[in-house]
Amino acid sequence: AYHGTTREIGSIICKTQFRPGIRGAYGKGIYCTPDIHIAAQYCKAGGGTIKLQTKKGLKEFLFVFQVAVNPATMNNPSLIPNYKHTNFNYIVPTGADIRPYGILIKEV
């Protein structure tokens, strides 16, 4: 699964762990998706591009985590307050239920 975010939040996640977001449109928890394109949209929406000076000038990149989720807690209505079913997101209740294992960077 994938989790799109900003570089700043990504740095915090790497130092600590994931935390449930404040919006929670489909329930309180941490969101990820099996579709990397959806994760990239969340990255763009949050202003999550990284600008780097390269030999070919200033370039812009997206920052997406590749994550593993706990299948026992994923999309479990009894564990996620205000859960609403969604076909494009996975939701887990706590940072203990999702772990980053890769950082994907793509030029915009």
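Biologist: In this predicted model, is Glu-107 buried, partly exposed or exposed?

Modeller: The model is a predicted one. Glu-107 has a relative accessible area of 41%. Buried residues fall under 20% and exposed ones over 50%, so with its 41% Glu-107 is partly exposed.

Biologist: With which residue does the side chain of Glu-107 form a salt bridge?

Modeller: Side chains of opposite charge can pair when their charged atoms come close. The cut-off for a salt bridge is 4 Å, and the side chain of Glu-107 meets its partner at 3.5 Å, N to O. By this rule the count comes to one salt bridge. The partner of Glu-107 is Lys-59.

Biologist: How many residues apart in sequence are the parts that the pair of Glu-107 and Lys-59 ties together?

Modeller: Glu-107 belongs to strand β6, residues 98–107, while Lys-59 belongs to strand β4. The salt bridge therefore ties together parts whose separation in sequence is 48 residues.

Biologist: Over how many bridges do β4 and β6 pair?

Modeller: The two strands run in the antiparallel sense. Within this pairing, Gln-66 stands opposite Gly-102 in β6. The number of bridges between β4 and β6 is nine.

Biologist: Which residue in β4 is the bridge partner of Gln-53?

Modeller: Strand β3, residues 50–54, is joined to β4 by five bridges, and the two run antiparallel. β3 and β4 form a hairpin, with two residues between them. In β4, the partner of Gln-53 is Leu-58.

Biologist: Which residue in β4 does Gly-4 stand opposite?

Modeller: Strand β1, residues 2–4, pairs with β4 in the antiparallel sense over three bridges. Opposite Gly-4 in β4 stands Val-64.

Biologist: Is the aromatic pair of Tyr-26 and Tyr-31 stacked, tilted or edge-to-face?

Modeller: A search of the whole structure finds three aromatic pairs. In the pair of Tyr-26 and Tyr-31, the ring centres are 6.5 Å apart and the planes lie at 50°. Stacked planes are under 30 degrees apart and edge-to-face planes over 60, so this pair is tilted.

Biologist: Which of the two, Tyr-26 or Tyr-31, is buried?

Modeller: Tyr-26 has a relative accessible area of 24% and is partly exposed. Tyr-31 has a relative accessible area of 16%. Since buried means under 20%, the buried residue is Tyr-31.

Biologist: What is the geometry of the aromatic pair of Phe-63 and Phe-65?

Modeller: The ring centres of Phe-63 and Phe-65 are 5.4 Å apart, with 85° between the planes. Both are buried, Phe-63 at 6% and Phe-65 at 1% relative accessible area. Ring pairs link them with Phe-18 into a cluster. An angle over 60 degrees counts as edge-to-face, so the geometry of Phe-63 and Phe-65 is edge-to-face.

Biologist: How far apart in space are Ile-103 and Val-92, C-alpha to C-alpha?

Modeller: Ile-103 lies in strand β6 and is partly exposed, with a relative accessible area of 44%. Leaving aside neighbours within four places in sequence, its contacts are Cys-14, Phe-63, Val-64 and Phe-65. Ile-103 and Val-92 are 11 residues apart in sequence, and their C-alpha distance is 19 Å.

Biologist: With which side chain does that of Thr-73 make a polar contact?

Modeller: Thr-73 is found in the loop between β4 and β5 and is buried, with a relative accessible area of 12%. Beyond four places in sequence, the residues in contact with Thr-73 include Leu-79, Ile-80 and Ile-91. The polar contact of Thr-73, at 3.1 Å, is with the side chain of Asp-97.

Note on methods
Residues are numbered from 1 along each chain as its sequence is written. This is a predicted model: local features need pLDDT of at least 70, side-chain atom pairs count only at pLDDT 80 or more; totals for chains, interfaces and linings use all residues. Side-chain values use heavy atoms; hydrogens and water are left out. Helices (H or I, at least four residues) and strands (E, at least two) are DSSP runs, numbered from the N terminus. Buried means under 20% relative accessible area, exposed over 50%, partly exposed in between (1.4 Å probe, protein chains only). A polar contact is a pair of N or O atoms within 3.5 Å; within protein, one must be able to donate a hydrogen and the other to accept it, and residues adjacent in sequence count only if both atoms are side-chain atoms. Contact means heavy atoms within 4.5 Å. Two strands pair if DSSP finds at least two bridges between them. Rings of Phe, Tyr and Trp (its six-membered ring) pair if their centres lie within 6.5 Å; planes under 30 degrees apart count as stacked, over 60 as edge-to-face and the rest as tilted.
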